[in-house]
Amino acid sequence: MAHSSDEIRGVLLQAGEERVLLPNATVAEVLARVPVEPIADAPAWLPGQITWHGWKVPLVSFTNLSGMGEEKVVSSSKIVVLKDMGGSEAMPYFALLTQSFPRLISVPRDGLLADATEEELPVGVKVRVLLGDEAAVLPDLEVVETMIGEALANAA
């Protein structure tokens, strides 16, 4: 299926009450029913890690991290494994928690509008956007990656 260069391919996932829009190129895999190993002394937004293709991948609850709600790992949770944008050799992947399967979407470049109604954005959010009649947040993946690195360094 060919896509016009006037479209942006993305993955829309649910994080609490918010929708999170990720660039399709950052998503490595979507998983279900994966055991989560807790990390001692980690913040609540870092409920643990998963083993994926031989890697220990930190799992982030974006809802908890951003302060936009509270989310826990349950048996029906889905996990979206993302490629680390910073090119870290020590942590080339991290994962986001969601309660439903993400949705692949194509957004016309002129259909992605920044929503500047909020003066201060939640932690880890780069911008709020409007996708037609749907609202979503674009996470600041660099900030999230930095926070993960700091949390892991401070954990036991």
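Leu 82 touches Leu 22, Thr 26, Val 27, Ala 28, Pro 92, Tyr 93, Phe 94, Ala 95, Leu 96 and Leu 141, leaving aside residues up to four places away in sequence. The model is predicted. Leu 82 is also among the residues that touch the most other members of the largest nonpolar core. Five salt bridges are counted.

**Nonpolar cores**

- The largest nonpolar core has 25 residues, and Leu 22, Phe 62, Leu 82 and Leu 96 touch the most other members.
- At least two residues of this core come from each of strand 1 (7-15), strand 2 (18-23), helix 1 (62-66), strand 6 (78-83), strand 7 (93-98) and helix 2 (141-154).
- Helix 2 is the leading contributor, giving four residues.
- A second core, separate from this one, has nine residues. Trp 52, Val 81, Ala 95 and Leu 97 are among them.
- Ala 95 belongs to that second core, yet Ala 95 is also a contact of Leu 82.
- In a regular strand, side chains alternate between the two faces of the sheet.

**Strands 1 and 2**

- Strand 1 and strand 2 run antiparallel and are joined by six bridges.
- Leu 13 stands opposite Val 20 of strand 2.
- The two strands form a hairpin, with two residues between them.
- Gly 16 sits in the turn and has a positive phi of about 65 degrees.

**Salt bridge Lys 56 to Glu 37**

- The closest N and O atoms of Lys 56 and Glu 37 are 3.2 Å apart.
- This pair links distant parts of the chain, 19 residues apart. Lys 56 is in strand 5 (residues 55-60), while Glu 37 is in the loop between strand 3 (27-32) and strand 4 (48-52).
- Lys 56 counts as partly exposed because its relative accessibility is 47%.
- Glu 37 counts as partly exposed too, because its relative accessibility is 38%.

**Salt bridge Lys 72 to Glu 70**

- Lys 72 pairs with Glu 70, and their closest N and O atoms are 3.2 Å apart.
- Both Lys 72 and Glu 70 are exposed.

**Salt bridge Arg 103 to Glu 134**

- Arg 103 forms a salt bridge with Glu 134, with the closest N and O atoms 2.9 Å apart.
- Arg 103 lies in strand 8 (residues 103-108) and Glu 134 in strand 11 (residues 134-139), so the salt bridge ties together parts 31 residues apart in sequence.
- Arg 103 is partly exposed, at 40% relative accessible area.
- Glu 134 is at 21% and is therefore partly exposed, since buried means under 20%.
- Shared partners join Arg 19, Arg 103 and Glu 134 into one salt-bridge network.

Definitions and conventions: Residues are numbered from 1 along each chain as its sequence is written. This is a predicted model: local features need pLDDT of at least 70, side-chain atom pairs count only at pLDDT 80 or more; totals for chains, interfaces and linings use all residues. Side-chain values use heavy atoms; hydrogens and water are left out. A nonpolar core is a set of buried Ala, Val, Leu, Ile, Met, Phe, Trp, Tyr and Cys residues joined through side-chain atoms within 4.5 Å. Buried means under 20% relative accessible area, exposed over 50%, partly exposed in between (1.4 Å probe, protein chains only). Contact means heavy atoms within 4.5 Å. Two strands pair if DSSP finds at least two bridges between them. A salt bridge is a side-chain nitrogen of Lys or Arg within 4 Å of a carboxyl oxygen of Asp or Glu.
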